[in-house]
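Please open the structure in a viewer and keep the selection panel at hand. The tour proceeds by selection, from a pocket to its ligand and then to a cavity.

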Amino acid sequence: MTKELVLYFSVYGTAQKVAKEIARQTGADILEIVPADAYDSDRSHYSALLRRAQKEHDTNARPVIKEQLPVADYDRIYIGYPMWCYTFPMIMYTLFEQYDFSGKTIIPFNTHMGSRDGGTYRTIRQLAPKANILTGLPVEMSSAETGAAKAVETWLKSLDKE
Ligand SMILES: Cc1cc2nc3c(=O)[nH]c(=O)nc-3n(C[C@H](O)[C@H](O)[C@H](O)COP(=O)(O)O)c2cc1C
């Protein structure tokens with residue numbers, strides 16, 4: 001049987017809401033990518049988070065993931081994250097460099113405020129060249145707040161044809 005996992009990184013909780021919706025509709029297991037050094041999830045501290053994100057981006061940082069993830073145990077992995085600074089958070093590089101996705105199916109999704117996927121689905125193809133990458137789902141933040149059930153449902157159905 002194909003083992004499915006929803007793996008996500010989220011600071012303000014919107015990518016988490018979409019992740020939970022995907023898990024609810026697919027029955028997949030769900031796991032959060034937790035950083036060793038937590039990000040400030042208080043939205044009134046946005047400028048400080050932006051400064052940290054920008055610095056990590058500019059220094060090509062690899063933020064440490066707190067715990068080992070059971071990537072090897074799954075065949076089909078939904079991977080979700082927010083757009084940060086026109087790309088994905090640098091911890092996603094840590095994920096793709098630390099774990100082997102060869103032979104697995106990756107289905108990306110992300111939340112954003114206008115950048116859609118910002119080219120990150122293409123970046124995932126480069127970082128995991130031996131994985132089968134299916135069409136991703138970008139979800140605008142305000143619709144992600146409610147889990148975007150309908151968009152997730154339509155998208156999941158379209159994946160059946162790939
Ligand atoms: C540090 C930071 C940088 C961001 N940069 C972008 C961006 O470049 N493009 C964009 O569309 N949205 C950007 N956003 C908005 C987030 O993608 C959006 O708020 C997303 O829903 C957050 O996901 P989360 O709730 O799972 O953390 C940024 C948000 C933060 C906190």
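## A tour of the pocket, the ligand and the cavity

Begin with the lining of the largest pocket: its residues divide into 13 nonpolar, eight polar and one charged. The model is a predicted one. The volume of this pocket is about 550 Å³. There are 22 lining residues, and those closest to the pocket centre are Y46, P82, M83, W84 and M113; select these five residues to centre the view.

Next, colour α2 (46–58) and β4 (105–112), the elements that each give two or more residues to the lining of the largest pocket. Which element gives the most to that lining? It is α2, with five residues.

Now display the ligand. The ligand sits in the largest pocket. The shell around the ligand draws two or more residues from each of α1 (14–26), α2 and β4. Here again α2 gives the most, in this case with four residues.

Select the 21 residues around the ligand; S10, T14, M83, Y86 and S115 come nearest. How many charged residues does the shell around the ligand have? By class, the shell has 14 nonpolar and seven polar residues, and no charged ones.

Three polar contacts of the ligand merit a closer view.

- **T14:** Show the side chain. One of its N or O atoms is 2.5 Å from an oxygen atom of the ligand.
- **Y86:** Show the backbone here. A backbone N or O atom of Y86 lies 2.7 Å from an oxygen atom of the ligand.
- **S115:** Return to the side chain. A polar side-chain atom of S115 lies 2.7 Å from a nitrogen atom of the ligand.

With these contacts in view, add a surface to the protein. The ligand taken alone exposes 630 Å², of which the protein buries 95%.

For the last stop, hide the ligand and turn to the enclosed space. The structure holds one cavity of 30 Å³ or more. The largest cavity contains about 40 Å³ of space. Which residues line the largest cavity? Select A53, E56, H57, W84, C85, T87, F88, P89 and M90. By class, this lining has six nonpolar, two polar and one charged residues.

Finally, keep W84 selected while moving between the two sites. W84 is among the residues closest to the centre of the largest pocket, and W84 is also one of the residues that line the largest cavity.

Definitions and conventions
Residues are numbered from 1 along each chain as its sequence is written. This is a predicted model: local features need pLDDT of at least 70, side-chain atom pairs count only at pLDDT 80 or more; totals for chains, interfaces and linings use all residues. Side-chain values use heavy atoms; hydrogens and water are left out. On a 1 Å grid over the protein atoms alone, a cavity is a set of points where a 1.4 Å probe fits but cannot get out, and a pocket is an open set with protein on both sides within 12 Å along at least five of seven lines; lining residues have an atom within 4 Å of a point. Grid points are joined across faces, edges and corners, and a volume is the space filled by probe spheres set on the points. Ala, Val, Leu, Ile, Met, Phe, Trp, Tyr, Cys and Pro count as nonpolar, Asp, Glu, Lys and Arg as charged, and the others, Gly among them, as polar. A residue is near a molecule or strand if one of its heavy atoms lies within 4 Å of it. A polar contact is a pair of N or O atoms within 3.5 Å; within protein, one must be able to donate a hydrogen and the other to accept it, and residues adjacent in sequence count only if both atoms are side-chain atoms. Accessible areas come from the Shrake-Rupley method with a 1.4 Å probe; for residues, only the protein chains shown count as cover. A molecule sits in a cavity or pocket if more than half of its atoms lie within 2 Å of its grid points.
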